[in-house]
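Trainee: Could you show me the structure, so that we can go through the words used for it one by one?
Mentor: Here it is, and please ask about any term that is unclear.

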Amino acid sequence: MRGAPVVLGIESSCDETGAGLVRNGRLLGHAVASSIDEHARFGGVVPEIAARAHVHSFTPVVRRALEEAGLGMSDIGAVAVTTGPGLSGALQVGLAGAKSLAYALDVPLYGVHHLAGHVAADTLAHGPLPDPCVVLIVSGGHTSLLLVRDLARDPLVHLGDTLDDAAGECFDKVARVFGLPYPGGPAIDRAAREGDARAVSLPRPLTGPRDDPYGFSFSGLKTAAARWAERHRGQGLPVADGAASLQEAVADVLTRKAVAACTANGVGTLVVVGGVAANSRVRSLAEERCAAAGISLRVPPLRLCTDNGAMIAAIGDLLVRAGAQPAPLDVSIDPSAPLEYAALQPVARAPVMVS
């Protein structure tokens, strides 16, 4: 195929096995297999179960993505794979598969950061990111405000990050207290539709005048919601009101800080990405506040908010077109990789001393 290569993206950082194909910023096809049903009875992700599910799903998912795109293996011109952060065993499965494909096809391999992939997901729906823009990443384990310029070339500037529980983690833990199923985010969103968001007075963490203006802390909110539920034990817990009030508190904090970051930095575009960007109240309140502040809002479609291979292919496509150096085939995973650049380099390993 002429022009820019088709990039295959592989995502396996948690409980979704994803494959996507992107060329010149255009999504050609993608497929996702989730093992969430296998984890639900445990109330959270079990790393060993996730890793085994990736082993079984890897090849079928890649084949389905290729079929959707109408392509064959020989059309793949580069492979991008999540090398961190994430569950160690899950990342190892994805990286091993990606290395095998890159070696067999004799194409370059790119190791990329999972969260940068979430940022790139928006480009598949709305085109190149404005330079600069403010990006709010909200997922199960991460809540961050970033100042982004050239995603493929420039460092990502952290305006604020999670200090303890992330927004998605708060949803998961409180949902369990409320007796709602895992994953908690979608369950809270569904329950909240029948509730009154003003029924329960819940705190808005780190929103005082002397607090960290862009930092996030949802541990106290989680505790306040749990204590409210405990007070109603044996009396019939009004779950819908609790869910609506919790969701409102989370959405309020996220959007308030994100809009403030745009205003303070003179940035006209806010991009909201990650699994919690699928939450209906986060999306609607972001729309309201951005419109009032004269800020352009970009949120990926729901299918690209949660973990998927398309977002990893999007990052790989950006790196290829930016002329980035491919990773060596001995690239390793980094389960706790900090978000500094879109591409991840091999982790330096201390030499093993043999006596």
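Trainee: Which are the buried residues of α4?
Mentor: They are H114, L115, A116, G117, H118, V119, A120, A121, D122, T123 and L124. Please keep in mind that this is a predicted model, in which local features need pLDDT of at least 70 and side-chain atom pairs count only at pLDDT 80 or more, while totals for chains, interfaces and linings use all residues. Residues are numbered from 1 along each chain as its sequence is written, and side-chain values use heavy atoms, with hydrogens and water left out.

Trainee: What makes helix α4 mostly covered?
Mentor: Buried means under 20% relative accessible area, with exposed over 50% and partly exposed in between, for a 1.4 Å probe and protein chains only. In α4, residues 114–126, 11 of the 13 residues are buried, and the helix is mostly covered. The names themselves come from DSSP runs, numbered from the N terminus: helices are H or I with at least four residues, and strands are E with at least two.

Trainee: Why is N24 called partly exposed?
Mentor: The relative accessible area of N24 is 46%, and therefore N24 is partly exposed. N24 sits in the loop between β2 (16–23) and β3 (26–34), and its phi is positive, about 55 degrees, although N24 is not a glycine. Another residue with a positive phi, near 55 degrees, is L206, in the loop between α6 and α7.

Trainee: Why are α5 and α6 called roughly perpendicular?
Mentor: Angles under 35 degrees count as roughly parallel, over 145 as roughly antiparallel, 65 to 115 as roughly perpendicular and the rest as oblique. Such angles run from 0 to 180 degrees between N-to-C directions, and the axes are lines fitted to C-alpha atoms, for helices over the stretch in contact. Helix α5 (residues 167–177) and helix α6 (residues 184–192) pack at about 65 degrees, with their axes 7 Å apart, and therefore they are roughly perpendicular to each other.

Trainee: Which residues of α5 and α6 meet?
Mentor: Contact means heavy atoms within 4.5 Å, and F171, D172 and A175 in α5 meet G184, G185 and I188 in α6.

Trainee: Why are α5 and α7 called roughly parallel?
Mentor: Helix α7 (residues 219–231) packs against α5 at an angle of about 10 degrees, with the axes 10 Å apart, and therefore α5 and α7 are roughly parallel to each other.

Trainee: Why, then, are α5 and α8 called roughly antiparallel?
Mentor: The axes of α5 and helix α8 (residues 239–264) cross at roughly 170 degrees and come within 11 Å, and therefore these helices are roughly antiparallel to each other. In this contact, A167, C170, F171 and V174 of α5 meet L246, Q247, V250 and L254 of α8.

Trainee: Which peptide bond leading to P183 is cis?
Mentor: The bond from Y182 to P183 is cis, with omega near 0 degrees, and P183 is in the loop between α5 and α6. Most peptide bonds are trans.

Trainee: How do you know what confidence the predictor has in the chain?
Mentor: The predictor's confidence in each residue is given by pLDDT, from 0 to 100. The mean pLDDT of the chain is 94, and 96% of its residues reach 70 or more. Over residues 346–355, however, pLDDT stays under 50. Where pLDDT is low, the predicted coordinates should not be read in detail.
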